[in-house]
Number of protein chains: 2
Amino acid sequence: MTGLPTQPGHLRPAPENFLSAEQIGEVKAGRRDFLRSSLLAATAALVAPLTARAAAGSGDPDILKLPEWSTSSGRPVVERPYGSPSKYESQLVRRDLPGVLSKVPGNSVSFTPLQGLFGIITPSGLHYERHHQGWQDIDPARHRLMITASNPAFIKQAKVYTMDDLLRLPSVSRIHFLECGGNGASEWGAATFPTVQYTHGMLSCSEFTGVPLRLLLEDCGVDYKKARYVLAEGADGATLTRTIAMEMIESGEVLVAYGQNGEMLRPENGYPLRLIVPGAQGVSWVKWLRRIEVGDQPFASREETLSYVDLLPDGMHRQYTTINECKSVITSPSGGQTLLSQGFFNVTGLAWSGRGKIKQVDVSFDGGRNWKPARLDSAVLSKALTRFNIDWVWDGRPAILQSRAIDETGYVQPSYKQLRAVRGSQSTYHNNAIQSWEVLASGEVNNVQVL
Amino acid sequence: MTGLPTQPGHLRPAPENFLSAEQIGEVKAGRRDFLRSSLLAATAALVAPLTARAAAGSGDPDILKLPEWSTSSGRPVVERPYGSPSKYESQLVRRDLPGVLSKVPGNSVSFTPLQGLFGIITPSGLHYERHHQGWQDIDPARHRLMITASNPAFIKQAKVYTMDDLLRLPSVSRIHFLECGGNGASEWGAATFPTVQYTHGMLSCSEFTGVPLRLLLEDCGVDYKKARYVLAEGADGATLTRTIAMEMIESGEVLVAYGQNGEMLRPENGYPLRLIVPGAQGVSWVKWLRRIEVGDQPFASREETLSYVDLLPDGMHRQYTTINECKSVITSPSGGQTLLSQGFFNVTGLAWSGRGKIKQVDVSFDGGRNWKPARLDSAVLSKALTRFNIDWVWDGRPAILQSRAIDETGYVQPSYKQLRAVRGSQSTYHNNAIQSWEVLASGEVNNVQVL
């Protein structure tokens, strides 16, 4: 292998909560009406202490001297009956943009720190959050799921299920990505946010376990010929509702889930019950699910009329664009990080498609002139994140890094030029354009847009 | 679907830390010299409060009355920058057997609560622990991995890698199970421990990310013709060492891993560096990995001579039986749980093989006379846990539940009768016999052995 490390220190991580006063100013000046939320005066975000990982490689210890962890008795089992990360990883957390995205921290977003993660599974503690009226920790003994119908002809019998009822029914476990339709909203007009945590961090991937919704509808005696849509409703204060097309449910993919990454859902992720709609944008994955109403047409709810619609260049909008199309992003090196030395780098990132499996990911180091196929070095599963890696030897000259994913339908992730030709630059949702990271001769990595 | 729930309440979970004074007494009386550790007087384990899940379904709330979580503003994003489970799940934790397994809590075991988990991914906070001298939280900036050789002819150059060096190298991400060779040790002689947490809970499954060890050895200029084994050494106080055969490394499967379930390894799982040896028993997955020594023969270290050997009926022992053979267990209903009503149950469990993928799991409800194939309702990956589910309608009569896994090599999990014919009943490690759970007419589920 050429270009193996010749000097210590290769990458300084992005200060994870970095958003400079200048950048907040630009956002406030109206460059983006991000997520259609009001902007507030905000204090400059603090530049976080560098993580412990940044310090790795900087020393030159006497390796013959045993460290204290080799010469001491360690700590007992179950000192932590439910474990937590190392104290050296305390900077790798979810972060929001207080005052920038929303006046109301209960109607806001926190972002997954993609720049510091590996593989395809997102630890549940770092799953992004998007709440419409805050999160709740619901008592599962009191929670119910009701199945009703807009018209008595659509089902034979309305039913109410306890959590206990649901836990005794046949279940399946599937690994799927979950992406907010607004992921990348800040980037429609121009490169805005400096790090991948903020440009792409409304994205996570988990193993979900639950009962196929199809099974519950059939238990209620659904008439598939008449009933072509359902409305899913959450038990939170926002009473969030979304329409789900019956074809998705009939496929068996839509789950009424209680499990996430092996344990019960986390409260921020809908404990004790969440709708899983593989491939669909996050808002359809209704949290704290309490009701399914069976109908014969889309319900035109608030979250599919006033928001989660795609503004087009001619001023019209597209509605019910539920599926997240094929997309990818390089997570390291990425914006805010700094390359500390020339030589070999493992360039890594994530690819996903709401239409199925990822077939290929190409990477460019010269802003899209030349492309090389990356290795898909993880499980490659349908409607799940796929991890890609590619070798790169940095020669110290400026470079522009991009990734471009292709899914099993043959769909190719578009450039900003291609996306804007269809969608304009004033939209909010469903930005799946190719992301560009500019590497300067200094090693600094910046978010840029290449048309 | 027949037999859907007709009355509320179906399953009372096992009191997760249940081990009665009587049962502890039996263990102390020498029925098992469990894990070859000394036994201590122990206070009776407390019967844990039932989990909230047990209470689900017992009430009959007025569903037209909105609960407080539907009528209040919720809690803000990033209230918990690193999230944690619902307060209602506080009983689902790792548990040890204080005084039963070991005098020294740093040289002991904590068990994964399999009875309450879903799917195939084990949350990192619930990964089982088996330490030989306690766990350490090592400073990654000071940690090093050294590659050396027993003979200068085996490698061209010894090298020392910092964490920073390793993080810039090509990586892969793979989902694999990890099982202690001593999992099920208590059960060789007779059904001993009452719950699946203790009979099978030295078992977890994660997505691991790291550098193939092959790549590092080749970077050091290994001579594969001469160098056929390596010794892996941990940085903990036990300086745990294990021999790994070079064929496993050459396959590319053995990883020097820093990532687990998307984030850095947890301290109890070897942070910042652990050897991943897919299919091999846990002791080979050296935690806090600090040194690899390349050699031409097995190293006959303490953990492969004084322990982790298989005692045979004739008094001889087998050595270097590293691979965990095909095995399965029903996790719910399982020992300590109680069926509260007749009717439909989703019977669920886990299957795994150190030789590759699971091909089939059969389930018996009558102690092995009749078998039915279960559904494999998760990703089915090589050397990973596989989740199985099967429908069962309980008619209220006594029953004996068993699962039997078959892997892609055609190997069939043995009964206790078959296993003992070869291995006797005095062994400690590598018990992969079929587990039996007896359901009484009262609904109580007990650990029993069916020969």
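These are my notes on how the two chains are arranged and on one sheet in chain A, taken from a predicted model.

**Entry 1, symmetry.** I began with the relation between the copies, bearing in mind that two copies of a chain are related by a rotation about an axis and a shift along it. I found that a turn of 180°, with a shift of 0.0 Å along the axis, lays chain A on chain B with an RMSD of 0.0 Å. That is the relation of a two-fold axis. I then looked up which C-alpha of chain A lies nearest that axis, and it belongs to A:Pro123, at 3.9 Å.

**Entry 2, interface.** I turned next to the contact between the chains, where 107 residues of chain A meet 107 residues of chain B. Sorted by class, the side of chain A that touches chain B holds 48 nonpolar, 35 polar and 24 charged residues. Of the interface residues of chain A, 100% are also interface residues in chain B, so I note that the copies meet through the same surface.

**Entry 3, sheet.** In chain A I traced an open sheet of five strands, which runs in the order E5-E4-E13-E8-E9 with mixed pairing. Strand E5 (159–162) and strand E9 (241–245) stand at its edges, and because each has a single partner strand, one side of each is left without a neighbour in the sheet. From one strand to the next, the twist averages 20°.

**Entry 4, one strand pair.** I looked more closely at strand E4 (residues 144–149) and strand E13 (residues 289–295) of chain A, which pair in the parallel sense over four bridges. For A:Ala149, I recorded A:Val294 as the bridge partner in E13(A).

Definitions and conventions:
Residues are numbered from 1 along each chain as its sequence is written. Chains are lettered from A and ligands numbered from 1 in the order in which they are written. This is a predicted model: local features need pLDDT of at least 70, side-chain atom pairs count only at pLDDT 80 or more; totals for chains, interfaces and linings use all residues. Copies are superposed by least squares on the C-alpha atoms of residues with pLDDT of at least 70 in both. Two residues are in contact if their C-beta atoms, placed from the backbone, lie within 7 Å. Two strands pair if DSSP finds at least two bridges between them. Helices (H or I, at least four residues) and strands (E, at least two) are DSSP runs, numbered from the N terminus. Axes are lines fitted to C-alpha atoms, for helices over the stretch in contact, and angles run from 0 to 180 degrees between N-to-C directions. Ala, Val, Leu, Ile, Met, Phe, Trp, Tyr, Cys and Pro count as nonpolar, Asp, Glu, Lys and Arg as charged, and the others, Gly among them, as polar.
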